[in-house]
Amino acid sequence: MLDRLTAQPADPLLALIRLHAADERPGKIDLGVGVYRDESGATPVFRAVKEAEERLLRRQDSKSYLGPEGSREFVTALRPWVFDAAGETAHCVSGMQTPGGTGAVRLALALVKKAGGRRVLLGTPSWPNHRQIIDDLGLDAVEFVHVHDGGADADGLMALLEDCTARDAVILHGCCHNPTGIDYDAAQWSAIADALARTGVLPIVDVAYQGLGRGMHEDLAGLRAVLDRVDAALVAYSCDKNFGLYRDRVGALFVAAKDQDVVERACSNANALARANWSMPPDHGAAAAAIVLEDAGLVRMWQDELDSMRDRIARMRTALASGESRVPGIGLEAVGQGNGLFAMLLLDATQVERLRTEHAVYMAGSGRINVAGLTDAKVDAFLSALEQVCR
Ligand code: LMR
């Protein structure tokens, strides 16, 4: 039977990790996969997480199963950062731990499918895994354009929503849009929220970068606007970036609905789906995150680390934007307006390839760069490389 399978290409983004590691050229620049890097180019474990892991090692007396919903302690401790921060009062909320944000998105879309949903609206470009999961579940992706003339474009989505019903869902990037870094403004969020309320389309808000855009509270302004208007929403949350827990796979799926019974039924289905998919999420990272979230001192340490990450990203954005005069017309100026790790440069596949082969600059084939992959010392080399391939 297995000989019927055709080989699949490696995920191009993840393939960059290996290619970059194997490159022995000094001064190579990694703007590929979305991990935060500090000024030395490293992705260190957060100090608050290290401390929490030490406490966990001393305190944990069992590794027995917890169940498909994972660590309740973690979800309870995370919830106020998502929902109280979102000013949410009118909804009943329940959540469960998932293996990373991907697990949460997968579960959210599997719930849509199980509930008889058909179409999932998706702005393009988007994080490639969104489309892969929609396709893998056999749902219909309906795409709209996310960015127009360098700004977020809500018009395409609004037009589509008018033809949708309560059997449809939409994936919205809560903040720090991946891959463009361009988020909706307050007026756009508000118009989208009104349209969602009018049509009953279910919002799946993917919150993968809280704290890396404008701030923990500011980054959930869009979610607040949506929750203000809709009866029900799903929130897929990732701790990969804002706790630096990437490989430990820490995430959560929250169900918010006005009707407690709806929340309970959705969660019981999410539990069953999790059991059939991965049975139970890995515990270690979530247990460490819970220790951070429950300790005021560790929360301060965590927030200080996030603040300095955010400041560094903003500095790199400003430095890139000031390169507009050196390399005009590829979107450098707009990088200064974006949020979070990512920005899109208007480069074609050949230019991206030349950056890699001739200048040891690694980025996604789409022209997406991870701004945090740059350092003060490397900005000039990157701009020079761009000058050469864009000549
Ligand atoms: C990214 O977009 O680079 C990250 O979210 C990593 C991933 O899983 O794709």
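Tutor: Helices here are DSSP runs of H or I with at least four residues, numbered from the N terminus. The structure is a predicted model.

Student: Which element gives the largest share of the lining of the second largest pocket?

Tutor: About 580 Å³ of space lies in the second largest pocket, and the residues nearest its centre are Ala-115, Ala-166, Leu-202, Ala-232 and Val-262. Two or more lining residues come from each of the helices H4 (100-114), H7 (186-199) and H9 (260-277), and likewise from the strands S8 (202-207), S9 (232-238) and S10 (250-257). The largest share, four residues, is given by H9.

Student: How many residues of the lining of the second largest pocket are nonpolar?

Tutor: The second largest pocket is lined by 28 residues in total. Four of these lining residues are polar and five are charged, while the nonpolar ones number 19.

Student: What volume does the largest cavity have?

Tutor: When cavities of 30 Å³ or more are counted, the model holds one. Among the residues that line the largest cavity are Phe-144, His-146, His-173, Asp-183 and Trp-189. The volume of the largest cavity is about 90 Å³.

Student: Which element gives the largest share of the lining of the largest cavity?

Tutor: The lining of the largest cavity includes Leu-122 and Gly-123, as well as Ile-171, Leu-172 and His-173. Two elements, strand S3 (119-124) and strand S7 (169-173), give two or more residues to this lining. With three residues, the largest share comes from S7.

Student: How many residues of the lining of the largest cavity are charged?

Tutor: The lining of the largest cavity holds six nonpolar residues and five polar ones. Asp counts as charged whereas His counts as polar, so that the charged residues in this lining number one.

Student: Which residue has a backbone N or O atom that lies 2.6 Å from an oxygen atom of the ligand?

Tutor: The ligand is surrounded by Leu-13, Val-33, Gly-34, Trp-127, Asn-178, Tyr-209, Lys-241 and Arg-368, of which four are nonpolar, two polar and two charged. Two polar contacts are made through side chains, with Lys-241 at 3.1 Å from a ligand oxygen atom and Arg-368 at 2.8 Å from a ligand oxygen atom. The backbone atom at 2.6 Å belongs to Gly-34.

Student: What percentage of the accessible area that the ligand has on its own does the protein cover?

Tutor: On its own, the ligand has 260 Å² of accessible area. Of this area, the part that the protein covers is 77%.

Definitions and conventions
Residues numbered from 1 in each chain as written. Predicted model: local features only at pLDDT ≥ 70, side-chain atom pairs only at ≥ 80, totals over all residues. Heavy atoms only, no water. 1 Å grid on protein atoms, 1.4 Å probe; cavity = no way out; pocket = protein on both sides within 12 Å on 5 of 7 lines; lining within 4 Å. Points joined across faces, edges and corners; volume = space filled by probe spheres on them. Near = heavy atom within 4 Å. Polar contact = N/O pair within 3.5 Å; in protein donor to acceptor, adjacent residues only side chain to side chain. Areas by Shrake-Rupley, 256 points an atom, 1.4 Å probe, with all protein chains shown as cover.
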